[in-house]
Amino acid sequence: MSSTDFCVSDSPASPSPSHAHDDARVDRGRRRVLLAAPVLAGALGATGADVKAQTGVPERWSAGWGCAPAGPPPPASLQTFTNQTLRLIVRTSLGGNRIRIRLSNEMGDTELRLGSARVGLRAGGAVVTAGTSRQLTFSGRTSVAIPAGAPVVSDPVSLPVAPFTDLAISLYFPGTVQATTIHNAAYQASYASTTGDFGAQASLPIQRAFASWPFLTEVDVDRAAPVLVAVGDSVTDGVGSTSNGNRRWPDFLARRFQAELGNDRIGVVNRGISANRMLADTATALLAGNDLLERFDRDVLSTAGVRGLAVLIGINDIVYSPPSAPIPADELIAGYLQLLTRAHLHGIPVLGATLPPFDGFVYYTPAREAVRQAVNAWMRSALPFDLLADVDLALRDPAVPQRLRAEYDSGDRLHPNDAGYEALAEAVPLPALWSLMGGFS
């Protein structure tokens, strides 16, 4: 599954069975670390920030937004920027008083030089709300050279942000850079300027808009809220949803948390990649990302504040395997068990999801359908996950169970539309998930 073409205009669109295991609940004690350090001379007279620095007690940060990097793109679609400012638009699921960002050159093979970076609240389009623009620094410097294959995290900057706020992150590149590290299917318009550094200006002189996130992979806020990381393929990435509408299923889930549990309680980070697989890379489509078993440590474990994992992946492993002799279900099952084991090693509970119906999709065959059915039957009977969202049951047509409901179909018989993504989010057993992540401790 590769992402489909979509508009980048800036006009936003406006109970399933589940299982929880008593014996699979994560020992919350394992996830609590008691930090103690001697008080250094003079600490009693220091500020709160100084005391933290002197005692070694780390600040608490949680990811409010994130995406998964991939690349490099094929030469024909590689974006190049020369002496330009990018204004990247994201929506954070958490609020806080301070912000920091993570940039990535992990798919690049040359050093990436950033001249300056700023963050502010978005007023609309590529416009920053007056008085909210903040200069970002990296180890105290306004510019940074990011080595090939590496990420960089900015210093914190004061900027009060409410949950579900649009941020405008401006990156100025004084030389020529190529967007070798990029999240391709953003379903959100971002902007490239005409020549010059316009990061400090409220309005950006726009050369063009584009629907991807180059270099930017995470936004953190200064709070200790638990974070759910959703990993998967194009169904998690939001293919088929309304551009600029934040209507991917993790977006709907974040709003459910806010509406049903109240307050600003949890962060939801979407690490889905269109065309991604669990077990293998696609050498001819590097924008599909490394397979999930390979990218797990970077995209899950390195997420600030991660306390839960949602896994919806496997359909591409099936549809990209031979049509008459597809991948055996046992191979996929072994992959799921590896994800579970690696998450549990870090005290992270896992929400699994059955694979959605796809009869009528271009890659559908009866043999591939048999594998999907076998995998879903195993999830329902073996109960391997800490919780299960029965996505198949939530999305399928009752009259033709192997087919997506017509009212949930974006048009290709696999990817849901906005209503389908909302139904998918409704299939998540929310109170049980919240409790499993330590929400009531």
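Glutamate 369 sits in helix H7, which spans residues 366–382. The model is a predicted one. Is glutamate 369 buried or exposed? With a relative accessible area of 7%, glutamate 369 is buried, because buried means under 20%. Setting aside neighbours within four places in sequence, glutamate 369 is in contact with Phe358, Tyr364 and Gln402.

**The parallel sheet**

Five strands form an open sheet with parallel pairing. Their order is S18-S17-S19-S20-S21. Which strands stand at the edges? They are S18 (267–272) and S21 (387–389). Each has a single partner strand, so one side of each is left without a neighbour in the sheet. From one strand to the next, the twist averages 20°.

Strand S17 covers residues 227–232. S17 and S18 run parallel and are joined by six bridges. Opposite valine 227 stands glycine 267 in S18.

Asparagine 270 also belongs to strand S18. Its relative accessibility is 13%, so asparagine 270 counts as buried. Beyond its neighbours within four places in sequence, asparagine 270 is in contact with eight residues that can be listed by name: Gly66, Cys67, Ala68, Ala230, Thr236, Asp237, Arg248 and Pro250. Glycine 64 lies 206 residues away from asparagine 270 along the chain, yet their C-alpha atoms are separated by 9.9 Å.

**Helices against the sheet**

Helix H3 (residues 249–261) lies across S17, S18 and strand S19 (306–312). H3 runs at about 170° to S18.

Helix H4 takes in residues 292–301. Which of its residues are buried? They are Leu292, Arg295, Phe296, Arg298, Asp299 and Val300. The buried residues of H4 pack against strands S3, S17, S18 and S19, and against helix H6 (329–345).

**Two helix pairs**

The table sets out how two pairs of helices meet.

| Pair | Axes | Angle | Handedness |
|---|---|---|---|
| H3 and H9 (418–426) | within 8 Å | roughly 55° | right-handed |
| H4 and H6 | 11 Å apart | about 20° | right-handed |

How are H3 and H9 oriented to each other? They are oblique, because their angle falls outside the ranges for roughly parallel, perpendicular or antiparallel. On the H3 side, Trp249, Phe252, Leu253 and Arg256 make the contact. They meet Asp418, Tyr421, Glu422, Leu424, Ala425 and Glu426 in H9. By class, this contact of H3 with H9 has six nonpolar, no polar and four charged residues.

H4 and H6 are roughly parallel, because angles under 35 degrees count as such. Leu292, Leu293, Phe296 and Asp297 of H4 meet Gly335, Gln338, Leu339, Arg342 and Ala343 of H6. The contact of H4 with H6 divides into five nonpolar, two polar and two charged residues. Leu292 and Phe296 are among the buried residues of H4.

**An antiparallel pair**

Strand S3 (residues 96–104) pairs with strand S10 (residues 157–161). The sense is antiparallel, over three bridges. Isoleucine 99 has valine 157 in S10 as its bridge partner.

Which side chains of S10 point to the buried face, and which to the other? Val157, Leu159 and Val161 point to one face and are buried. Ser158 and Pro160 point to the other face and are not buried. In a regular strand, side chains alternate between the two faces of the sheet.

Key:
Residues are numbered from 1 along each chain as its sequence is written. This is a predicted model: local features need pLDDT of at least 70, side-chain atom pairs count only at pLDDT 80 or more; totals for chains, interfaces and linings use all residues. Side-chain values use heavy atoms; hydrogens and water are left out. Buried means under 20% relative accessible area, exposed over 50%, partly exposed in between (1.4 Å probe, protein chains only). Helices (H or I, at least four residues) and strands (E, at least two) are DSSP runs, numbered from the N terminus. Two strands pair if DSSP finds at least two bridges between them. Axes are lines fitted to C-alpha atoms, for helices over the stretch in contact, and angles run from 0 to 180 degrees between N-to-C directions. Angles under 35 degrees count as roughly parallel, over 145 as roughly antiparallel, 65 to 115 as roughly perpendicular and the rest as oblique. A crossing is left-handed if the near helix is turned anticlockwise from the far one by less than a right angle, and right-handed if clockwise. Contact means heavy atoms within 4.5 Å. Ala, Val, Leu, Ile, Met, Phe, Trp, Tyr, Cys and Pro count as nonpolar, Asp, Glu, Lys and Arg as charged, and the others, Gly among them, as polar.
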